[in-house]
Amino acid sequence: MPAQRSQEVDTRTLRRVIAAASIGNFVEWFDFAAYGFLATILTREFFPSGDPTVGLLKTFAVFAVAFALRPLGGMFFGSVGDRIGRKRTLAVTILMMAGSTTLIGLLPTYARIGYWAPLMLTIIRCVQGFSAGGEYAGACAYVMEHAPRRRRAFFGSFVPVSTFSSFACAAVVAYALESSLSSASMIEWGWRIPFLIAAPVGLIGVYLRVNLHETPAFTALEGKHEVAHAPLAETLKSQSGNMLKLGAFISVTALSFYTFTTYFATYLQVAGHLSRGASLLVTVLALCFAAAFCPLAGLFSDRVGRRMTIATTGIFIIAAVYPAFSLGGSGVMLQSLLGVALLAVGAVLSGVVTAPLMSEVFATKTRYTASAITYNVAYTIFGGTAPLVATWLIASTGTNLSPAYYLMAVAIFAMIGGLSLRETSKTALEDAGAAIDGRSDAAPVEPVFKRTM
(Lines give C-alpha, C1' and ligand atoms only; values in the text may rest on other atoms or scores of the structure.)
Protein backbone atom coordinates (compact mmCIF):
# COMPACT_ATOMS: atom_id res chain seq x y z
CA MET A 1 0.00 0.00 0.00
CA PRO A 2 1.50 3.38 -0.96
CA ALA A 3 2.44 5.76 1.76
CA GLN A 4 0.04 8.59 2.39
CA ARG A 5 1.44 12.03 1.73
CA SER A 6 0.47 14.64 4.31
CA GLN A 7 -0.09 18.35 3.93
CA GLU A 8 -0.25 20.21 7.23
CA VAL A 9 -2.78 23.01 7.53
CA ASP A 10 -2.48 25.09 10.69
CA THR A 11 -5.37 26.89 12.39
CA ARG A 12 -4.25 30.34 11.22
CA THR A 13 -4.21 29.26 7.58
CA LEU A 14 -7.53 27.47 7.96
CA ARG A 15 -9.15 30.59 9.45
CA ARG A 16 -7.86 32.67 6.52
CA VAL A 17 -9.14 30.06 4.06
CA ILE A 18 -12.61 30.17 5.62
CA ALA A 19 -12.62 33.98 5.69
CA ALA A 20 -11.52 34.22 2.05
CA ALA A 21 -14.13 31.68 0.93
CA SER A 22 -16.95 33.19 2.98
CA ILE A 23 -16.49 36.84 2.10
CA GLY A 24 -17.23 36.37 -1.60
CA ASN A 25 -20.28 34.32 -0.72
CA PHE A 26 -21.39 37.16 1.58
CA VAL A 27 -21.11 39.72 -1.24
CA GLU A 28 -23.07 37.47 -3.61
CA TRP A 29 -26.03 36.87 -1.32
CA PHE A 30 -26.03 40.37 0.18
CA ASP A 31 -26.63 41.72 -3.31
CA PHE A 32 -29.43 39.27 -4.06
CA ALA A 33 -31.12 40.07 -0.75
CA ALA A 34 -30.70 43.85 -1.10
CA TYR A 35 -32.17 43.75 -4.61
CA GLY A 36 -35.25 41.95 -3.27
CA PHE A 37 -35.69 44.24 -0.25
CA LEU A 38 -35.38 47.36 -2.44
CA ALA A 39 -37.49 46.05 -5.34
CA THR A 40 -40.23 48.67 -5.02
CA ILE A 41 -37.73 51.56 -5.15
CA LEU A 42 -35.80 49.99 -8.04
CA THR A 43 -39.10 49.66 -9.92
CA ARG A 44 -39.79 53.37 -9.53
CA GLU A 45 -36.26 54.42 -10.52
CA PHE A 46 -35.60 52.05 -13.43
CA PHE A 47 -38.97 50.77 -14.68
CA PRO A 48 -41.48 53.62 -14.36
CA SER A 49 -44.91 52.54 -15.53
CA GLY A 50 -48.51 53.62 -15.23
CA ASP A 51 -49.18 50.19 -13.72
CA PRO A 52 -47.04 49.53 -10.59
CA THR A 53 -47.56 45.78 -10.96
CA VAL A 54 -46.06 45.82 -14.47
CA GLY A 55 -43.06 47.76 -13.22
CA LEU A 56 -42.54 45.34 -10.33
CA LEU A 57 -42.77 42.36 -12.68
CA LYS A 58 -40.04 43.92 -14.84
CA THR A 59 -37.86 44.41 -11.77
CA PHE A 60 -38.23 40.76 -10.74
CA ALA A 61 -37.71 39.65 -14.34
CA VAL A 62 -34.27 41.27 -14.20
CA PHE A 63 -33.75 39.50 -10.86
CA ALA A 64 -34.60 36.19 -12.55
CA VAL A 65 -32.14 36.83 -15.40
CA ALA A 66 -29.29 36.53 -12.90
CA PHE A 67 -30.51 33.05 -11.97
CA ALA A 68 -30.81 31.99 -15.59
CA LEU A 69 -27.13 32.76 -16.19
CA ARG A 70 -25.84 30.98 -13.09
CA PRO A 71 -25.62 27.50 -14.72
CA LEU A 72 -23.64 29.01 -17.62
CA GLY A 73 -21.33 30.69 -15.13
CA GLY A 74 -20.99 27.38 -13.31
CA MET A 75 -19.91 25.63 -16.51
CA PHE A 76 -17.42 28.36 -17.42
CA PHE A 77 -15.82 29.04 -14.04
CA GLY A 78 -15.99 25.38 -13.05
CA SER A 79 -13.95 24.44 -16.13
CA VAL A 80 -11.53 27.31 -15.50
CA GLY A 81 -11.15 26.33 -11.85
CA ASP A 82 -10.36 22.74 -12.76
CA ARG A 83 -7.73 23.92 -15.28
CA ILE A 84 -5.93 26.81 -13.55
CA GLY A 85 -6.86 26.24 -9.90
CA ARG A 86 -9.38 27.30 -7.26
CA LYS A 87 -7.53 30.34 -5.89
CA ARG A 88 -7.19 32.39 -9.07
CA THR A 89 -10.70 31.55 -10.25
CA LEU A 90 -12.25 32.65 -6.96
CA ALA A 91 -10.29 35.92 -7.10
CA VAL A 92 -11.89 36.63 -10.49
CA THR A 93 -15.44 35.75 -9.38
CA ILE A 94 -15.39 38.01 -6.33
CA LEU A 95 -13.88 40.86 -8.36
CA MET A 96 -16.68 40.54 -10.94
CA MET A 97 -19.41 40.27 -8.32
CA ALA A 98 -18.21 43.15 -6.16
CA GLY A 99 -17.55 45.33 -9.20
CA SER A 100 -20.95 44.75 -10.80
CA THR A 101 -22.80 45.19 -7.50
CA THR A 102 -21.01 48.51 -6.93
CA LEU A 103 -21.98 49.65 -10.43
CA ILE A 104 -25.67 49.21 -9.57
CA GLY A 105 -25.16 51.73 -6.78
CA LEU A 106 -23.64 54.17 -9.28
CA LEU A 107 -26.15 53.74 -12.12
CA PRO A 108 -28.05 56.79 -13.37
CA THR A 109 -31.81 56.27 -13.25
CA TYR A 110 -34.48 56.26 -15.94
CA ALA A 111 -35.17 59.94 -15.27
CA ARG A 112 -31.56 60.74 -16.20
CA ILE A 113 -30.80 58.55 -19.22
CA GLY A 114 -34.10 56.94 -20.22
CA TYR A 115 -34.17 53.36 -21.50
CA TRP A 116 -30.41 53.03 -21.13
CA ALA A 117 -30.93 52.74 -17.35
CA PRO A 118 -32.95 49.48 -17.32
CA LEU A 119 -30.75 48.10 -20.12
CA MET A 120 -27.57 48.74 -18.12
CA LEU A 121 -29.18 47.29 -14.98
CA THR A 122 -30.06 44.12 -16.90
CA ILE A 123 -26.51 43.77 -18.28
CA ILE A 124 -25.00 44.22 -14.81
CA ARG A 125 -27.38 41.64 -13.34
CA CYS A 126 -26.29 39.23 -16.09
CA VAL A 127 -22.65 39.73 -15.08
CA GLN A 128 -23.58 39.16 -11.44
CA GLY A 129 -25.44 35.94 -12.18
CA PHE A 130 -22.66 34.66 -14.44
CA SER A 131 -19.95 35.28 -11.84
CA ALA A 132 -22.10 33.92 -9.01
CA GLY A 133 -22.26 30.63 -10.91
CA GLY A 134 -18.62 30.00 -10.07
CA GLU A 135 -18.64 31.34 -6.52
CA TYR A 136 -20.38 29.00 -4.06
CA ALA A 137 -19.19 25.65 -5.40
CA GLY A 138 -15.65 27.01 -5.73
CA ALA A 139 -15.69 28.44 -2.21
CA CYS A 140 -16.85 25.11 -0.80
CA ALA A 141 -14.20 23.19 -2.76
CA TYR A 142 -11.52 25.60 -1.55
CA VAL A 143 -12.45 25.05 2.11
CA MET A 144 -12.95 21.28 1.75
CA GLU A 145 -9.57 20.79 0.07
CA HIS A 146 -7.91 22.43 3.08
CA ALA A 147 -10.05 21.00 5.89
CA PRO A 148 -9.14 17.90 7.94
CA ARG A 149 -10.96 14.77 6.85
CA ARG A 150 -13.12 14.21 9.92
CA ARG A 151 -14.17 17.85 10.33
CA ARG A 152 -15.03 18.89 6.78
CA ALA A 153 -18.71 19.61 7.47
CA PHE A 154 -17.85 21.71 10.53
CA PHE A 155 -15.35 23.93 8.73
CA GLY A 156 -17.47 23.97 5.60
CA SER A 157 -20.47 25.14 7.65
CA PHE A 158 -18.97 28.61 7.89
CA VAL A 159 -19.70 29.16 4.20
CA PRO A 160 -23.48 28.79 4.84
CA VAL A 161 -22.97 31.00 7.92
CA SER A 162 -21.92 33.78 5.56
CA THR A 163 -25.02 33.16 3.43
CA PHE A 164 -27.51 33.52 6.27
CA SER A 165 -25.53 36.41 7.77
CA SER A 166 -25.61 38.28 4.46
CA PHE A 167 -29.41 38.06 4.28
CA ALA A 168 -29.69 39.28 7.88
CA CYS A 169 -27.31 42.18 7.24
CA ALA A 170 -29.13 43.17 4.04
CA ALA A 171 -32.45 43.19 5.89
CA VAL A 172 -31.03 45.25 8.75
CA VAL A 173 -29.39 47.77 6.39
CA ALA A 174 -32.57 48.14 4.32
CA TYR A 175 -34.73 48.53 7.42
CA ALA A 176 -32.30 51.03 9.00
CA LEU A 177 -32.24 53.16 5.86
CA GLU A 178 -36.02 53.18 5.53
CA SER A 179 -36.39 54.06 9.23
CA SER A 180 -33.80 56.83 9.34
CA LEU A 181 -34.22 58.54 5.96
CA SER A 182 -37.13 60.44 4.53
CA SER A 183 -38.90 58.97 1.52
CA ALA A 184 -37.35 61.59 -0.73
CA SER A 185 -33.81 60.87 0.51
CA MET A 186 -34.33 57.12 0.23
CA ILE A 187 -35.45 57.48 -3.40
CA GLU A 188 -32.77 60.03 -4.28
CA TRP A 189 -29.67 58.34 -2.85
CA GLY A 190 -30.41 56.05 0.13
CA TRP A 191 -31.17 52.97 -1.97
CA ARG A 192 -27.64 53.09 -3.42
CA ILE A 193 -25.87 52.49 -0.09
CA PRO A 194 -26.42 48.69 0.17
CA PHE A 195 -24.93 48.20 -3.30
CA LEU A 196 -21.97 50.51 -2.68
CA ILE A 197 -21.07 48.49 0.44
CA ALA A 198 -19.89 45.74 -1.94
CA ALA A 199 -16.85 47.81 -3.00
CA PRO A 200 -14.82 47.77 0.25
CA VAL A 201 -16.00 44.29 1.22
CA GLY A 202 -15.10 42.96 -2.22
CA LEU A 203 -11.64 44.51 -2.15
CA ILE A 204 -10.97 42.83 1.19
CA GLY A 205 -12.09 39.54 -0.33
CA VAL A 206 -9.84 39.94 -3.36
CA TYR A 207 -6.87 40.72 -1.10
CA LEU A 208 -7.51 37.64 1.04
CA ARG A 209 -7.90 35.33 -1.94
CA VAL A 210 -4.89 36.62 -3.87
CA ASN A 211 -2.62 36.18 -0.83
CA LEU A 212 -3.61 32.56 -0.11
CA HIS A 213 -1.99 29.43 -1.53
CA GLU A 214 -3.62 26.96 -3.88
CA THR A 215 -5.33 23.96 -2.24
CA PRO A 216 -3.25 20.85 -1.39
CA ALA A 217 -5.47 18.64 -3.56
CA PHE A 218 -5.14 20.75 -6.71
CA THR A 219 -1.41 21.29 -6.12
CA ALA A 220 -0.94 17.52 -5.94
CA LEU A 221 -2.90 17.11 -9.17
CA GLU A 222 -0.64 19.63 -10.91
CA GLY A 223 2.44 17.85 -9.56
CA LYS A 224 1.29 14.59 -11.16
CA HIS A 225 0.36 16.39 -14.43
CA GLU A 226 -3.22 15.13 -14.17
CA VAL A 227 -5.08 18.44 -14.46
CA ALA A 228 -8.09 18.00 -16.76
CA HIS A 229 -7.58 19.45 -20.25
CA ALA A 230 -11.32 19.42 -21.05
CA PRO A 231 -13.07 19.52 -17.64
CA LEU A 232 -16.60 19.95 -19.00
CA ALA A 233 -16.37 16.97 -21.35
CA GLU A 234 -14.69 14.80 -18.69
CA THR A 235 -17.28 15.87 -16.10
CA LEU A 236 -20.28 14.95 -18.24
CA LYS A 237 -18.65 11.66 -19.22
CA SER A 238 -17.59 10.45 -15.77
CA GLN A 239 -19.75 12.31 -13.24
CA SER A 240 -23.25 12.54 -14.76
CA GLY A 241 -24.71 9.84 -12.50
CA ASN A 242 -23.48 11.44 -9.29
CA MET A 243 -24.49 14.87 -10.58
CA LEU A 244 -28.07 13.69 -10.98
CA LYS A 245 -28.14 12.08 -7.53
CA LEU A 246 -26.61 15.03 -5.75
CA GLY A 247 -28.70 17.47 -7.80
CA ALA A 248 -31.82 15.69 -6.58
CA PHE A 249 -30.78 16.31 -2.99
CA ILE A 250 -29.74 19.92 -3.62
CA SER A 251 -33.30 20.51 -4.87
CA VAL A 252 -34.52 20.55 -1.27
CA THR A 253 -31.51 22.63 -0.20
CA ALA A 254 -32.49 25.28 -2.75
CA LEU A 255 -36.23 25.16 -2.11
CA SER A 256 -36.00 25.18 1.68
CA PHE A 257 -33.44 28.01 1.58
CA TYR A 258 -35.52 30.32 -0.59
CA THR A 259 -38.76 29.41 1.14
CA PHE A 260 -37.14 30.39 4.43
CA THR A 261 -35.11 33.46 3.40
CA THR A 262 -37.20 35.00 0.62
CA TYR A 263 -40.79 33.80 0.50
CA PHE A 264 -41.73 33.34 4.15
CA ALA A 265 -41.50 37.05 5.03
CA THR A 266 -44.22 37.65 2.43
CA TYR A 267 -46.22 34.67 3.74
CA LEU A 268 -46.19 36.13 7.26
CA GLN A 269 -47.78 39.29 5.89
CA VAL A 270 -50.25 37.71 3.46
CA ALA A 271 -51.40 34.70 5.49
CA GLY A 272 -50.67 35.93 9.03
CA HIS A 273 -51.38 39.63 8.42
CA LEU A 274 -48.26 40.73 10.29
CA SER A 275 -46.98 44.21 9.55
CA ARG A 276 -43.97 44.59 7.25
CA GLY A 277 -41.83 45.68 10.20
CA ALA A 278 -42.90 42.72 12.35
CA SER A 279 -42.34 40.18 9.56
CA LEU A 280 -38.91 41.69 8.86
CA LEU A 281 -37.97 41.46 12.55
CA VAL A 282 -39.08 37.81 12.70
CA THR A 283 -37.05 37.04 9.56
CA VAL A 284 -33.89 38.75 10.87
CA LEU A 285 -34.08 36.89 14.20
CA ALA A 286 -34.55 33.59 12.36
CA LEU A 287 -31.61 34.34 10.04
CA CYS A 288 -29.37 35.03 13.04
CA PHE A 289 -30.52 31.76 14.58
CA ALA A 290 -29.75 29.93 11.32
CA ALA A 291 -26.24 31.39 11.14
CA ALA A 292 -25.52 30.36 14.74
CA PHE A 293 -26.93 26.86 14.15
CA CYS A 294 -24.75 26.09 11.10
CA PRO A 295 -21.58 24.99 13.00
CA LEU A 296 -23.68 22.71 15.23
CA ALA A 297 -25.19 21.13 12.13
CA GLY A 298 -21.66 20.65 10.78
CA LEU A 299 -20.55 18.89 13.97
CA PHE A 300 -23.64 16.67 13.73
CA SER A 301 -22.92 15.72 10.11
CA ASP A 302 -19.27 14.91 10.85
CA ARG A 303 -20.33 12.70 13.74
CA VAL A 304 -23.18 10.72 12.15
CA GLY A 305 -22.11 10.84 8.49
CA ARG A 306 -23.59 12.32 5.33
CA ARG A 307 -26.25 9.70 4.64
CA MET A 308 -27.67 9.93 8.16
CA THR A 309 -27.68 13.74 7.85
CA ILE A 310 -29.53 13.45 4.53
CA ALA A 311 -32.13 11.16 6.09
CA THR A 312 -32.49 13.39 9.15
CA THR A 313 -32.89 16.47 6.96
CA GLY A 314 -35.60 14.91 4.81
CA ILE A 315 -37.56 13.50 7.73
CA PHE A 316 -37.34 16.75 9.69
CA ILE A 317 -38.54 18.87 6.76
CA ILE A 318 -41.45 16.53 6.06
CA ALA A 319 -42.46 16.56 9.74
CA ALA A 320 -41.86 20.27 10.42
CA VAL A 321 -43.03 22.11 7.30
CA TYR A 322 -46.79 21.79 7.95
CA PRO A 323 -46.64 23.13 11.53
CA ALA A 324 -44.18 25.81 10.31
CA PHE A 325 -46.69 27.17 7.80
CA SER A 326 -49.56 26.81 10.27
CA LEU A 327 -47.67 28.81 12.90
CA GLY A 328 -46.53 31.34 10.32
CA GLY A 329 -50.13 32.02 9.33
CA SER A 330 -51.33 32.46 12.92
CA GLY A 331 -50.77 36.20 13.03
CA VAL A 332 -49.11 35.92 16.45
CA MET A 333 -45.52 37.12 16.45
CA LEU A 334 -44.10 34.51 18.85
CA GLN A 335 -45.80 31.65 17.02
CA SER A 336 -44.63 33.07 13.69
CA LEU A 337 -41.06 33.16 15.01
CA LEU A 338 -41.33 29.49 16.02
CA GLY A 339 -42.69 28.61 12.59
CA VAL A 340 -39.89 30.32 10.69
CA ALA A 341 -37.34 28.77 13.09
CA LEU A 342 -38.62 25.31 12.09
CA LEU A 343 -38.04 26.19 8.45
CA ALA A 344 -34.59 27.49 9.37
CA VAL A 345 -33.51 24.14 10.88
CA GLY A 346 -34.37 22.28 7.67
CA ALA A 347 -32.63 24.89 5.51
CA VAL A 348 -29.51 24.77 7.70
CA LEU A 349 -29.27 20.97 7.83
CA SER A 350 -29.62 20.64 4.05
CA GLY A 351 -27.27 23.55 3.31
CA VAL A 352 -24.54 22.41 5.69
CA VAL A 353 -24.41 18.83 4.41
CA THR A 354 -24.51 20.05 0.79
CA ALA A 355 -21.24 21.97 1.26
CA PRO A 356 -18.99 18.91 1.88
CA LEU A 357 -20.99 16.63 -0.41
CA MET A 358 -20.17 18.81 -3.42
CA SER A 359 -16.49 18.06 -2.87
CA GLU A 360 -16.68 14.52 -1.50
CA VAL A 361 -18.83 13.12 -4.32
CA PHE A 362 -16.66 14.29 -7.23
CA ALA A 363 -13.09 13.61 -8.33
CA THR A 364 -10.52 16.36 -7.76
CA LYS A 365 -9.75 16.89 -11.46
CA THR A 366 -13.41 17.70 -12.29
CA ARG A 367 -14.69 18.70 -8.82
CA TYR A 368 -15.16 22.40 -9.50
CA THR A 369 -16.98 21.86 -12.80
CA ALA A 370 -19.25 19.06 -11.56
CA SER A 371 -20.21 20.77 -8.30
CA ALA A 372 -20.78 24.19 -9.91
CA ILE A 373 -23.08 22.80 -12.61
CA THR A 374 -24.98 20.57 -10.19
CA TYR A 375 -25.46 23.28 -7.59
CA ASN A 376 -26.50 26.06 -9.97
CA VAL A 377 -28.90 24.00 -12.07
CA ALA A 378 -30.69 22.79 -8.92
CA TYR A 379 -30.82 26.30 -7.48
CA THR A 380 -32.11 27.78 -10.73
CA ILE A 381 -34.90 25.20 -11.07
CA PHE A 382 -35.99 24.90 -7.44
CA GLY A 383 -34.59 28.00 -5.71
CA GLY A 384 -35.20 30.81 -8.16
CA THR A 385 -38.77 29.66 -8.76
CA ALA A 386 -39.67 29.11 -5.07
CA PRO A 387 -41.57 32.39 -4.44
CA LEU A 388 -43.33 32.17 -7.82
CA VAL A 389 -44.41 28.53 -7.35
CA ALA A 390 -45.58 29.16 -3.77
CA THR A 391 -47.67 32.15 -4.85
CA TRP A 392 -49.14 30.19 -7.79
CA LEU A 393 -50.00 27.20 -5.58
CA ILE A 394 -51.87 29.35 -3.08
CA ALA A 395 -53.77 31.13 -5.87
CA SER A 396 -54.61 27.84 -7.65
CA THR A 397 -55.63 25.77 -4.62
CA GLY A 398 -57.08 28.46 -2.41
CA THR A 399 -55.15 27.20 0.62
CA ASN A 400 -52.22 28.94 2.27
CA LEU A 401 -50.70 25.57 3.20
CA SER A 402 -50.19 24.34 -0.37
CA PRO A 403 -46.50 25.44 -0.47
CA ALA A 404 -45.92 23.17 2.53
CA TYR A 405 -47.10 20.14 0.55
CA TYR A 406 -44.80 21.13 -2.34
CA LEU A 407 -41.81 21.29 0.02
CA MET A 408 -42.72 17.88 1.46
CA ALA A 409 -42.84 16.34 -2.02
CA VAL A 410 -39.46 17.80 -2.96
CA ALA A 411 -38.01 16.56 0.36
CA ILE A 412 -39.04 12.99 -0.53
CA PHE A 413 -37.50 13.37 -3.99
CA ALA A 414 -34.31 14.74 -2.40
CA MET A 415 -34.02 11.83 0.05
CA ILE A 416 -34.27 9.32 -2.79
CA GLY A 417 -31.42 11.04 -4.65
CA GLY A 418 -29.27 11.76 -1.60
CA LEU A 419 -29.51 8.31 -0.07
CA SER A 420 -28.45 6.73 -3.38
CA LEU A 421 -25.01 8.32 -2.83
CA ARG A 422 -22.40 6.35 -0.91
CA GLU A 423 -21.12 7.49 2.50
CA THR A 424 -18.25 9.92 2.03
CA SER A 425 -17.71 11.64 5.39
CA LYS A 426 -14.64 9.66 6.43
CA THR A 427 -13.07 9.32 2.98
CA ALA A 428 -10.04 11.40 1.97
CA LEU A 429 -10.89 13.60 -1.00
CA GLU A 430 -8.07 12.14 -3.07
CA ASP A 431 -9.28 8.61 -2.30
CA ALA A 432 -12.72 9.53 -3.62
CA GLY A 433 -11.19 10.99 -6.75
CA ALA A 434 -9.05 7.91 -7.31
CA ALA A 435 -12.01 5.59 -6.91
CA ILE A 436 -14.11 7.51 -9.39
CA ASP A 437 -11.33 7.84 -11.94
CA GLY A 438 -10.45 4.18 -11.63
CA ARG A 439 -7.03 4.83 -10.09
CA SER A 440 -6.59 2.52 -7.10
CA ASP A 441 -2.92 3.31 -6.63
CA ALA A 442 -3.14 7.04 -6.04
CA ALA A 443 -1.69 8.17 -2.74
CA PRO A 444 -4.16 10.46 -0.99
CA VAL A 445 -3.19 13.94 0.01
CA GLU A 446 -4.97 14.58 3.30
CA PRO A 447 -4.67 17.85 5.18
CA VAL A 448 -3.72 17.25 8.79
CA PHE A 449 -5.20 19.71 11.27
CA LYS A 450 -2.36 21.25 13.21
CA ARG A 451 -3.09 23.37 16.29
CA THR A 452 -0.88 26.36 16.85
CA MET A 453 -0.81 29.00 19.54
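This is a short talk on the aromatic rings, one helix contact, the cavities and two single residues of the structure above.

Hi everyone, thanks for coming. Please keep in mind throughout that we are looking at a predicted model.

Let me begin with the overall picture. The chain has 22 helices and two strands. It runs to 453 residues, and 58% of them count as buried. If you take the contacts between residues at least 6 apart in sequence, 86% of those join residues at least 24 apart.

Now to the rings. Searching the whole structure turns up 28 aromatic pairs. One I'd like to show you is Trp 29 with Tyr 379: the ring centres are 6.4 Å apart and the planes sit at 50 degrees, so we call this pair tilted. Where do the two partners, Trp 29 and Tyr 379, sit in the chain? Trp 29 belongs to helix α1, residues 11–37, while Tyr 379 belongs to helix α19, residues 367–383, and 350 residues separate them. Both Trp 29 and Tyr 379 are buried.

Tyr 379 has another partner to show you, Phe 257. That pair is tilted too, with 6.4 Å from centre to centre and 50 degrees between the planes. Because Phe 257 is in helix α15, residues 240–270, and Tyr 379 is in α19, the pair ties together parts 122 residues apart in sequence. Phe 257 is buried, just as Tyr 379 is. If you follow the ring pairs onward, you get a cluster made of Trp 29, Tyr 136, Phe 164, Phe 167, Phe 257, Tyr 258, Phe 260, Tyr 375 and Tyr 379.

Tyr 136 from that cluster takes us to a helix contact. In general, we describe two packed helices by the angle between their axes and the distance between the axes. For helix α7, residues 136–144, against helix α9, residues 158–180, the angle is about 145 degrees and the axes are 10 Å apart. On the α7 side the contact uses Tyr 136, Cys 140 and Val 143, and on the α9 side Val 159, Pro 160 and Thr 163. Sorted by class, that gives five nonpolar residues, one polar and no charged ones.

Next, the empty space. There are six cavities of 30 Å³ or more in the structure, and the largest holds about 110 Å³. Which residues line the largest cavity? Some names will be familiar: the lining includes Trp 29, Tyr 136, Phe 164, Phe 257, Tyr 375 and Tyr 379. Pro 160 and Thr 163, which we met in the helix contact, are among the lining residues as well. Helices α9, α15, α18 and α19 each contribute at least two lining residues. By class, the lining has eight nonpolar residues, four polar and no charged ones.

Two single residues to finish. Thr 89 is in helix α4, residues 86–106. Is Thr 89 buried or exposed? Its relative accessible area is 1%, under the 20% cut-off, so Thr 89 is buried. Beyond its neighbours within four places in sequence, Thr 89 touches Phe 77, Val 80, Gly 81, Ile 84 and Tyr 368. Its C-alpha is 8.1 Å from that of Gly 138, 49 residues away along the chain.

The other is His 273, in the loop between α15 and α16. Most residues other than glycine have a negative phi. His 273 is not a glycine, yet its phi is positive, about 60 degrees. With a relative accessible area of 66%, His 273 is exposed.

Thanks for listening, and I'm happy to go back to any of these views.

Methods. Residues numbered from 1 in each chain as written. Predicted model: local features only at pLDDT ≥ 70, side-chain atom pairs only at ≥ 80, totals over all residues. Heavy atoms only, no water. Phe/Tyr/Trp six-rings, centres within 6.5 Å; stacked < 30°, edge-to-face > 60°. Helix = DSSP H or I, 4+ residues; strand = E, 2+ residues; numbered from the N terminus. Buried < 20%, exposed > 50% of the residue type's maximum accessible area, 1.4 Å probe, protein only. Axes fitted to C-alpha atoms, helices over the stretch in contact; angles between N-to-C directions. Contact = heavy atoms within 4.5 Å. Nonpolar A, V, L, I, M, F, W, Y, C, P; charged D, E, K, R; others polar. 1 Å grid on protein atoms, 1.4 Å probe; cavity = no way out; pocket = protein on both sides within 12 Å on 5 of 7 lines; lining within 4 Å. Points joined across faces, edges and corners; volume = space filled by probe spheres on them.
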